[in-house]
Amino acid sequence: KSEFFQEAQEILEEQTDLIKIGITGSFGKTSMKHALNRMLEEKYYTLMPPGSYNTPMGITRVVREQLKPIHQVFVAEMGAKQPGDIEELCELVAPKYGMITALGECHLESFGSFENIINTKFELMDALPEDGIAVLNFDDPAIRANAHRVKCPVISYGVNGEDLDFWAEDIRYLDRGM
C-alpha cells in the first residue's frame, strides 16, 4: 500500500468515534450515498467523497485533504472492477455499517462471472464487524440469496414483500415526482 493510503488509514483509525459507512452495488451507489448523506447531515456533521470518488485513490485523497476531527460520519461509496477491490477499500475505511444497493453484470469482462461480482460486493459484508449492521436490498434476488453469509445483523429493505424490515408501498408517479 502507498504511503498516502496508509496515512489515510491512520487518519480514519485515529477518529475512534467516527461513524463509517460503506455503500456498494453494481448501480445506485452514488444516488444512495447522496440520499443517506442528506438524511444524516440533519443530525451529524458528515463527509462524503464527491461524485463517484469510489476508488482507493479517490477515498484516500478525500480523507487526507478533507476529513477533520469535527466530522461525525463518513459515507464512502465503494466501487469495484475486479475481485478484491471492495476488500481493499474496507481495509482503508473499516466501515461498521454497510449497504449493497443492487447487483448486475457491470464490468463482467473484468470480473469474469456474475458470481465473482456477487462475491466482490459481499466483501463489504465480510469486512463488517459482528456488532456492525448490514443494510441489504432484498428486492434483488442475488442479494437476498446471499444474505445468510453476513455475520452481523441485517436490515432488509425493498418494495416487494412485507417480510422486509422496511418497505415502500402505495408508490405513485405524479407530474411533480414520485
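Which helices and strands do the buried residues of H4 pack against? The close-ups below start there, in what is a predicted model.

**View 1. Helix H4 and its packing partners.** The buried residues of H4, which spans residues 85-93, are Asp 85, Ile 86, Leu 89, Cys 90, Leu 92 and Val 93. Take the axis of H4 as a reference and they cover an arc of only 155°, so they sit on the same side of the helix. As for what they pack against, the helices are H1 (3-14), H3 (56-66), H6 (114-121) and H7 (123-127), and the strands are S1 (19-24) and S3 (73-77). Follow the chain just past H4 and you get to Ala 94, which has a positive phi of about 55°.

**View 2. Lys 81, in the loop ahead of H4.** Lys 81 belongs to the loop between S3 and H4. Its relative accessible area comes out at 52%, and since exposed means over 50%, Lys 81 counts as exposed. Exposed or not, Lys 81 has company: setting aside neighbours within four places in sequence, it is in contact with His 107, Ser 110 and Phe 111. In the backbone, 8.5 Å separates the C-alpha atom of Lys 81 from that of Leu 108, a residue 27 places away along the chain.

**View 3. The largest pocket and its lining.** This pocket holds about 310 Å³ of space. Strands S1, S4 (97-100), S5 (133-137) and S6 (154-158) are the elements that each give two or more residues to its lining. S4 gives the most, with three residues. Among the lining residues of the largest pocket you'll find Ile 19, Ile 21, Tyr 97, Gly 98, Met 99, Ile 133, Val 135, Ile 155 and Tyr 157, along with Leu 36 and Phe 166. Sorted by class, the lining has 10 nonpolar residues, one polar and no charged ones.

**View 4. The second largest pocket, with Lys 81 back in the frame.** Here the space is about 220 Å³. A set of 15 residues lines this pocket, and those closest to its centre are Asn 54, Gly 79, Ala 80, Lys 81 and His 107. Two of these names go together in View 2 as well, where Lys 81 is in contact with His 107. How many nonpolar, polar and charged residues are in the lining of the second largest pocket? The count is four nonpolar, six polar and five charged. For the largest pocket, by comparison, the charged class is empty.

Note on methods. Residues are numbered from 1 along each chain as its sequence is written. This is a predicted model: local features need pLDDT of at least 70, side-chain atom pairs count only at pLDDT 80 or more; totals for chains, interfaces and linings use all residues. Side-chain values use heavy atoms; hydrogens and water are left out. Buried means under 20% relative accessible area, exposed over 50%, partly exposed in between (1.4 Å probe, protein chains only). Helices (H or I, at least four residues) and strands (E, at least two) are DSSP runs, numbered from the N terminus. The arc is that of the directions from the helix axis to the C-beta atoms. Contact means heavy atoms within 4.5 Å. On a 1 Å grid over the protein atoms alone, a cavity is a set of points where a 1.4 Å probe fits but cannot get out, and a pocket is an open set with protein on both sides within 12 Å along at least five of seven lines; lining residues have an atom within 4 Å of a point. Grid points are joined across faces, edges and corners, and a volume is the space filled by probe spheres set on the points. Ala, Val, Leu, Ile, Met, Phe, Trp, Tyr, Cys and Pro count as nonpolar, Asp, Glu, Lys and Arg as charged, and the others, Gly among them, as polar.
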